[in-house]
Amino acid sequence: MVTALFLTFAILLILGAPVGIALGGASAVYLVGSDIDLAVVPQFMYAGMDSFVLLCIPGFVLAGNLMNGGGITDQIVLFSNRLVGHIRGGLGLANVTGSMVFAGISGTAVAETASIGAVMIPAMRKSGYDAPFAAAVTAAASTVGPIIPPSVPMIIVGTLTGLSVGKMFMAGAIPGLLLGIGMMLTVWILARARNYPKEPWQGFGALLRASRGAFWALLMTAIILFGIVGGYFTPTEASVVAALYAFVIGLFVYKGFKLRQLPAILLESAIGAGGLILLVGLANVFGWILTSEQIPQAIAASMLALTTNKYLIILLINILLLIVGTFMETIAALIILFPPLLAVATQVGIDPIHFATFAVLNLMIGLTTPPVGVCLFVAANIAKISLGAITKAIWPFLLCNILILFLVSYIPALSLWLPSLLFR
């Protein structure tokens with residue numbers, strides 16, 4: 001029945017079914033064929049979703065949608081453009097910078113691709129950038145979102161393992177900055193090679209005005225991070241604070257939306273968050289099946305049978321997750337693979353927070369890797385180009401991100417220094 005489980009899962013993915021449906025369908029085939037009472041399905045689904053920490057997800061999704069509707073995203077993009085737009089390839093640099101700022105609020109890569117891409121991709125095309133490059137920059141930069149805190153995948157990891165979400169948030173800060181800087185360098189190199197345009201320097205006055213406009217957006221990031229690190233509220237409470245803040249600033253300061261638009265924003269957020277949480281529940285059923293068949297234990301035993309060298313284990317884990325990330329959605333991959341791989345990592349002396357950081361970073365790269373790179377689909381749709389076109393354009397950024405991944409994997413201080421400094 002294990003063969004039927006994986007075969008059904010693969011067929012549903014190939015047919016284009018959402019990952020959650022593929023996980024649920026494969027689980028159903030296994031359970032029916034195994035004569036197991038189907039009552040376990042709602043039991044394990046509920047067990048997977050029954051977590052206070054998971055309430056972060058609707059909060060941060062709502063905050064991101066309120067940002068878009070309230071004009072906060074536009075202010076972030078304007079500020080980023082005034083800051084770096086005058087450099088060769090400036091709009092591409094502004095795209096990455098905007099994603100780094102937006103990352104401190106939304107915590108999700110797909111939301112970032114849609115929000116930043118809706119503004120930046122048309123602007124870049126209008127300024128003379130080719131569409132595949134504009135879409136590739138947007139998709140690649142969005143992977144910073146779940147690394148720079150807050151991070152929905154790290155919330156999932158905390159739910160699975162009991163690791164401190166606050167520590168994991170801080171562990172992602174420096175790797176996220178490195179990721180952003182690496183992509184900015186890639187944009188600049190490609191821009192010089194291809195002679196992409198640059199914006200005229202608007203002067204310090206324009207930069208100051210843009211920074212004033214973006215002040216409230218930047219303050220939102222500071223409130224979230226310092227509130228969590230300072231112990232003033234939990235990550236779940238931080239998501240509610242972020243949503244309330246985005247509502248007040250969008251409605252009364254930027255005046256980007258009217259009260260009559262609020263029901264539509266709430267409905268969109270509920271659908272998005274509901275889809276994510278349903279995926280968590282279905283992935284938990286799938287993960288229970290794998291555990292009952294002792295597949296995670298077999299994976300762990302196989303790795304440890306090959307080697308117990310810490311550095312080789314890091315390499316094997318990264319290769320495995322890079323492969324998995326090309327065809328499996330991030331949250332599903334975390335629920336299924338993170339616990340057994342964490343067991344392997346701790347056995348060879350890898351710090352759990354360090355492991356969580358490079359594992360999440362690894363799977364974020366999968367969001368921009370064909371064939372199931374969700375951010376690729378979103379960016380290509382906005383740019384109105386084919387998946388093949390954006391796939392060709394994304395490779396320089398993928399190589400850059402993989403290089404950063406290995407730096408973070410083999411230099412633990414990059415992820416552990418900040419948590420050790422702030423959490424004593």
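**Surface patch, cysteines and helices of the predicted model**

Phe-215, Trp-216, Val-248, Phe-252 and Val-253 together make up a nonpolar patch on the surface, and their combined accessible area is about 460 Å². Two elements each give two or more residues to this nonpolar patch, namely helix H12 (204–229) and helix H13 (235–253), and H13 gives the most, with three residues. Patches are built from residues with over 30% relative accessible area and no salt bridge, where like charges are joined within 9 Å and nonpolar side chains (Val, Leu, Ile, Met, Phe, Trp, Tyr) within 5 Å. A salt bridge, in turn, is a side-chain nitrogen of Lys or Arg within 4 Å of a carboxyl oxygen of Asp or Glu, and accessible areas come from the Shrake-Rupley method with a 1.4 Å probe, with only the protein chains shown counting as cover for residues.

The structure is a predicted model, in which local features need pLDDT of at least 70 and side-chain atom pairs count only at pLDDT 80 or more, while totals for chains, interfaces and linings use all residues. Residues are numbered from 1 along each chain as its sequence is written, and side-chain values use heavy atoms, with hydrogens and water left out.

Helices (H or I, at least four residues) and strands (E, at least two) are DSSP runs, numbered from the N terminus. Val-253, a member of the nonpolar patch, is found in helix H13 and is partly exposed, with a relative accessible area of 37%. In this scheme, buried means under 20% relative accessible area and exposed means over 50%, with partly exposed in between (1.4 Å probe, protein chains only). Helix H12 holds Ala-210, which is buried at a relative accessible area of 4%; the C-alpha atoms of Ala-210 and Ser-80 are separated by 8.5 Å, although these residues are 130 residues apart along the chain.

A search of the whole structure for disulfides finds zero, a disulfide being a pair of cysteine sulfur atoms within 2.5 Å. For Cys-375, the closest cysteine sulfur is that of Cys-400, which at 16 Å is too far for a bond. Cys-400 is likewise in no disulfide, its nearest cysteine sulfur being that of Cys-375. Both residues are classed as buried, Cys-375 at 0% relative accessibility and Cys-400 at 11%.

Helix H11 (residues 173–194) has 22 residues, which at 1.5 Å a residue should span 32 Å, and this agrees with its end C-alpha atoms, which are 32 Å apart; the expected span is 1.5 Å times one less than the number of residues. The buried residues of H11 include Ala-173, Pro-175, Leu-179 and Val-187. Thr-186, also placed in helix H11, is buried with a relative accessible area of 11%, and a polar atom of its side chain lies 2.9 Å from the backbone oxygen of Gly-182. Just after H11, Asn-195 takes a positive phi of about 55°.

Further along the chain, Thr-307 lies in the loop between helix H15 (295–306) and helix H16 (310–325). Thr-307 is buried, with a relative accessible area of 14%, and a polar atom of its side chain lies 2.9 Å from the backbone nitrogen of Asn-309. Within helix H16, Ile-317 is buried at a relative accessible area of 0%. The C-alpha atoms of Ile-317 and Phe-355 are separated by 9.7 Å, and the two residues are 38 residues apart along the chain.

Key. A polar contact is a pair of N or O atoms within 3.5 Å; within protein, one must be able to donate a hydrogen and the other to accept it, and residues adjacent in sequence count only if both atoms are side-chain atoms.
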